[in-house]
Amino acid sequence: MGVAGCSENDRPLDPPVRFEGDIFGTFYQVTIMDPLTLGESRELEEGFLAELEDVDQAMSTYRDDAELIAFNEAPLEEWQPLSNELIEVLAISQSVAEASHGAFDITVGDLVNLWSFGPGARPEEVPSDDALAEQLAQVGFDAVEVDTQNMQARRTRDVFVDLSAVAKGHATDQVAAYLDQQGLEHYLVNLGGDLIARGLRDEDAQTPWRIGIEVPEDGQQRAQHVIPLVGPALESISVATSGDYRNYFEVDGERFSHTIDPRTGRPVTHQVASTSVFHPSNAWADAWATALLVVGEQEAMQMAIENNLKALLLVREGEQWRSIASPEFVNYFGETLVDELGIEQLSAPAPTNQPVTGE
Ligand code: ADP
Ligand code: MG
């Protein structure tokens with residue numbers, strides 16, 4: 001039996017080798033084109049699942065033993081030593097919070113709960129104005145301070161830090177980093193719709209990985225756009241999508257999405273149905289996709305320009321959608337593809353960088 005097991009492990013597998021399953025409330029799908037034996041594939045699966053488990057242990061808000069829960073329960077003002085991983089994700093979050101002028105804000109946790117999303121979810125209902133005002137008074141990303149030098153962080157107000165809008169992206173990065181360490185060069189990782197691709201789908205035929213941007217409709221899993229992941233060089237590229245079409249509840253026909261506008265304390269309710277951001281790091285992509293969904297079309301495109309984001313917005317128009325790409329998206333993927341896909345380009349807005357005179 002030992003001998004048989006041994007030779008079985010040495011058996012080469014026909015690519016693609018695909019691993020699929022469910023993990024922390026979502027799915028994972030890892031596709032590998034590099035040559036692998038059965039034994040190697042089993043080790044890889046164990047390895048990347050351990051990476052995912054680490055992320056969950058650090059930043060889940062659904063398990064009592066998570067590092068983030070301890071941080072949320074720690075006394076105010078006191079610096080807490082935290083894992084590298086948590087510090088990194090907190091730091092990315094705070095950068096995006098600043099650059100998005102607070103549209104992305106990890107201190108929305110209590111609002112998320114109030115709107116019946118998240119770990120403390122109650123029956124679906126619209127919270128009272130008083131309850132909202134009370135929570136809103138606390139919320140604000142300045143209530144969290146991150147000290148990356150000394151690997152510590154603290155809360156200065158009693159906010160509940162929620163990393164759901166960035167943790168999945170970070171987890172995708174961690175899986176990719178693990179596969180890189182194992183010497184793999186051709187893979188696609190999909191964690192609940194957050195993707196990262198490296199190399200080619202088919203090296204012989206030079207076929208790129210292709211990813212689908214979903215039609216923004218509940219229950220639909222059709223692709224609105226299929227985008228080949230070829231950039232200037234064959235570097236790894238990731239994409240994260242935020243949308244109002246999957247995680248929401250309805251009261252009297254009104255849709256309440258799980259993305260909260262931290263400026264009003266209410267779920268976002270504009271015409272932008274989904275935002276996709278392409279970025280070398282999926283954590284950044286994930287955070288930015290959420291930020292762009294919060295602010296709506298005009299401001300999202302302005303932010304995409306200011307921050308050189310490769311962004312694709314699907315905007316509702318009656319029963320249909322309009323797709324609109326940021327200038328960086330067009331630069332990266334090329335005008336030809338953008339035209340082929342029927343994606344609109346943003347016409348350049350009037351420059352806003354006029355010199356400021358007087359004080
Ligand atoms: P998905 O899980 O669908 O990929 P997101 O990445 O957009 O979606 O994350 C949504 C989650 O992020 C919400 O469930 C909530 O926990 C949290 N969240 C909601 N609004 C914000 C916000 N403005 N900034 C940061 N996190 C948010
Ligand atoms: Mg996000």
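These notebook entries record what I looked up in the predicted model, helix by helix and then at one strand residue.

Conventions. Residues are numbered from 1 along each chain as its sequence is written, and chains are lettered from A and ligands numbered from 1 in the order in which they are written. Because the model is predicted, local features need pLDDT of at least 70 and side-chain atom pairs count only at pLDDT 80 or more, while totals for chains, interfaces and linings use all residues, and side-chain values use heavy atoms, with hydrogens and water left out.

Entry 1, H8. I took helices (H or I, at least four residues) and strands (E, at least two) as DSSP runs numbered from the N terminus. The 14 residues of H8 should span 20 Å at 1.5 Å a residue (1.5 Å times one less than the number of residues), and the end C-alpha atoms are 20 Å apart, which agrees. I found 13 of the 14 residues of H8 buried (under 20% relative accessible area, 1.4 Å probe, protein chains only), so H8 is largely enclosed by the rest of the structure. At the N-terminal end Ser281 acts as a cap, with a side-chain oxygen 3.3 Å from the backbone nitrogen of Ala283, and just after H8 I noted a positive phi of about 90° at Gly296.

Entry 2, H8 against H9. I read an angle of about 140° between H8 (residues 282–295) and H9 (residues 297–306), with the axes 6 Å apart; axes are lines fitted to C-alpha atoms over the stretch in contact, and angles run from 0 to 180 degrees between N-to-C directions. The pair is therefore oblique, a class left over once angles under 35 degrees (roughly parallel), over 145 (roughly antiparallel) and 65 to 115 (roughly perpendicular) are set aside. On the H8 side Trp288, Leu292 and Val295 meet Glu297, Glu299, Ala300 and Met303 of H9, in contact meaning heavy atoms within 4.5 Å.

Entry 3, H7. For the 18 residues of H7 (residues 164–181) I compared the expected 26 Å with end C-alpha atoms 26 Å apart, which agrees. Buried residues of H7 include His170, Thr172 and Asp173, and their cover includes strand S3 (26–32), H2, H4 (84–99) and H8. Gly183, just after H7, takes a positive phi of about 85°.

Entry 4, Ser276. This residue lies in strand S17 (residues 272–279) and is buried, with a relative accessible area of 0%. Its side chain makes a polar contact of 2.8 Å with that of Thr241, the term meaning N or O atoms within 3.5 Å, one able to donate a hydrogen and the other to accept it, with residues adjacent in sequence counted only if both atoms are side-chain atoms.

Technical notes:
Buried means under 20% relative accessible area, exposed over 50%, partly exposed in between (1.4 Å probe, protein chains only).
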